[in-house]
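Here's a small set of exercises to help you find your way around a new structure. Have a go at each task before you read the solution.

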Amino acid sequence: MTQRKGEKTTISIQEHMAIDVCPGPIQPIKQISDYFPRYPRGLPPTAPPALSRAGSLRSTSTSQKSEGPAADANRDEDDLDQAFGATALVASKKEEEPDVEGYDSDDSTTLGTLDFSLLYDQENNALHCTINKAKLPIPRYKKGLKPMDHNGLSDPYVKLHLLPGASKANKLRTKTLRNTLNPVWSETLTYYGITDEDMVRKTLRISVCDEDKFRHNEFIGETRIPLKKLKPNQTKNFSNCLEKQLPIDKTDDKSLEERGRIMISLKYSSQKCGLVVGIIRCAHLAAMDANGFSDPYVKTYLKPDENKKSKHKTAVKKKTLNPEFNEEFFYEIKYADLSKKTLEVTVWDYDIGKSNDFIGGVSLGINANGERLKHWFDCLKNKDKKIERWHTLTNELPGSGYND
């Protein structure tokens, strides 16, 4: 078909059909990116401008004349890269965006939360820990504690531990609740023998664990509360997120108090003309047996003891580190002679078939110091008045026999 000068180009229907289906040298589309969304990065897509088939055809013919097929092919490749690059960027951004409703950015919140309250009873030297309930802040599929068992539930319990200190000596725990992710304990655990000094330097570690009858119990999460945050005789409520297990600093020196504490009462009875010594209870005793406990009992001496008749001994309390005795012993002695005497109290672990183990001791008298000396003088100054004090057990007790 020849074309005269000045006539417009006409395309037959056959040529038009060939343009649509034939991959030959005729390229009716100037840029393939016209059929793909093109927009600056970070902005939402906009509708591509609509182009008519005739307009595309005319622009293609013009560009072919001016640039040639090689340049046009290069441009098409660049436009393909830009178009698919922009599309891939949108897809990757959609994949990276977090699900706001079902995703927790903070790792610790996925372990759950624990509601509890603490009360320091300054008069009775006791720390009351009330464990209320545990819950999880709405994860993707269910709410409650992080499931630990194959059935998707847990058998949770709470464990308390005062730091620093021997783990077995001051560990308390709640009962275990079966097959639940939303446990409600409403249980109060009490530490006895807590002093103002402890409230300044100690930290309470609260751990939630899953009990397993056939394997080791599994750790769920923990939270730690410095006791200096508490005010005496005021209950403070907490709702803390559980965190991953933190390492315990084992470089701390084995302090004397790790041997335990003992509560003793003293009273000089004017009516009976003698000293009444009360062994009330012990707390946080050191574990001496392989099972992690002790079988403690207490012995008392009033020295110097020329006749060796001043020895008294409590009953043995089996498998405990926090025994309660509530026993009293009477020493017949003149009031004037008390200033020359020393009361020695020792705590022992009872063993069958071998010698008993020494746990710790304390000495009260005129040669003592600190709280021990003050307790003795308060007894001398206040006749017929029972005075109770907590005392720290030491590893060694000068002047006492270590053989039971």
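The exercises below go from the whole chain to single rings, and the model they deal with is predicted.

**Exercise 1. The whole chain**

Work out what the chain is built from and how much of it is buried.

*Solution.* Start with the secondary structure: there are 5 helices and 16 strands. Next, look at burial: 40% of the 404 residues count as buried. Then turn to the surface, where the accessible area comes to about 24,100 Å², with 51% of it belonging to carbon and sulfur atoms. Finally, check the contacts with a separation of 6 or more: 66% of them are between residues 24 or more positions apart.

**Exercise 2. An open sheet**

Find the order of the 4 strands in the open sheet, and say which strands sit at the edges.

*Solution.* Walk across the sheet and you get the order 4-3-6-7, with antiparallel pairing. The edges are strand 4 (171-173) and strand 7 (218-226), each of which pairs on one side only. From one strand to the next, the twist averages 20 degrees. Now zoom in on strand 3 (residues 156-163) and strand 6 (residues 203-210): they pair over 8 bridges, in the antiparallel sense. Here Pro156 stands opposite Asp210 in strand 6.

**Exercise 3. Two aromatic pairs**

Decide whether Phe116 and Phe238 are stacked or edge-to-face, then do likewise for Tyr268 and Tyr335.

*Solution.* The structure holds 3 aromatic pairs, and Phe116 with Phe238 is one of them. Their centres are 5.1 Å apart with 10 degrees between the planes, and planes under 30 degrees apart count as stacked, so this pair is stacked. Phe116 belongs to strand 1 (residues 113-121) and Phe238 to strand 8 (residues 236-241), so the pair ties together parts 122 residues apart in sequence. Both Phe116 and Phe238 are buried.

For Tyr268 and Tyr335, the centres are 5.2 Å apart and the planes stand at 65 degrees, so you call this pair edge-to-face. Tyr268 lies in strand 9 (residues 261-269), while Tyr335 is in the loop between strand 13 (324-332) and strand 14 (342-349), 67 residues apart. Tyr268 has a relative accessible area of 4%, so it is buried, whereas Tyr335, at 31%, counts as partly exposed.

**Exercise 4. Charges over rings**

Which residue lies over the face of Tyr192, and which over the face of Tyr301?

*Solution.* Over Tyr192 you'll find Arg281, at 3.7 Å from the ring centre. Over Tyr301 sits Lys303, at 5.2 Å from the ring centre.

Notes. Residues are numbered from 1 along each chain as its sequence is written. This is a predicted model: local features need pLDDT of at least 70, side-chain atom pairs count only at pLDDT 80 or more; totals for chains, interfaces and linings use all residues. Side-chain values use heavy atoms; hydrogens and water are left out. Helices (H or I, at least four residues) and strands (E, at least two) are DSSP runs, numbered from the N terminus. Buried means under 20% relative accessible area, exposed over 50%, partly exposed in between (1.4 Å probe, protein chains only). Contact means heavy atoms within 4.5 Å. Accessible areas come from the Shrake-Rupley method with a 1.4 Å probe; for residues, only the protein chains shown count as cover. Two strands pair if DSSP finds at least two bridges between them. Axes are lines fitted to C-alpha atoms, for helices over the stretch in contact, and angles run from 0 to 180 degrees between N-to-C directions. Rings of Phe, Tyr and Trp (its six-membered ring) pair if their centres lie within 6.5 Å; planes under 30 degrees apart count as stacked, over 60 as edge-to-face and the rest as tilted. A charge sits over a ring if NZ of Lys or CZ of Arg is within 6 Å of the ring centre and within 35 degrees of the ring normal.
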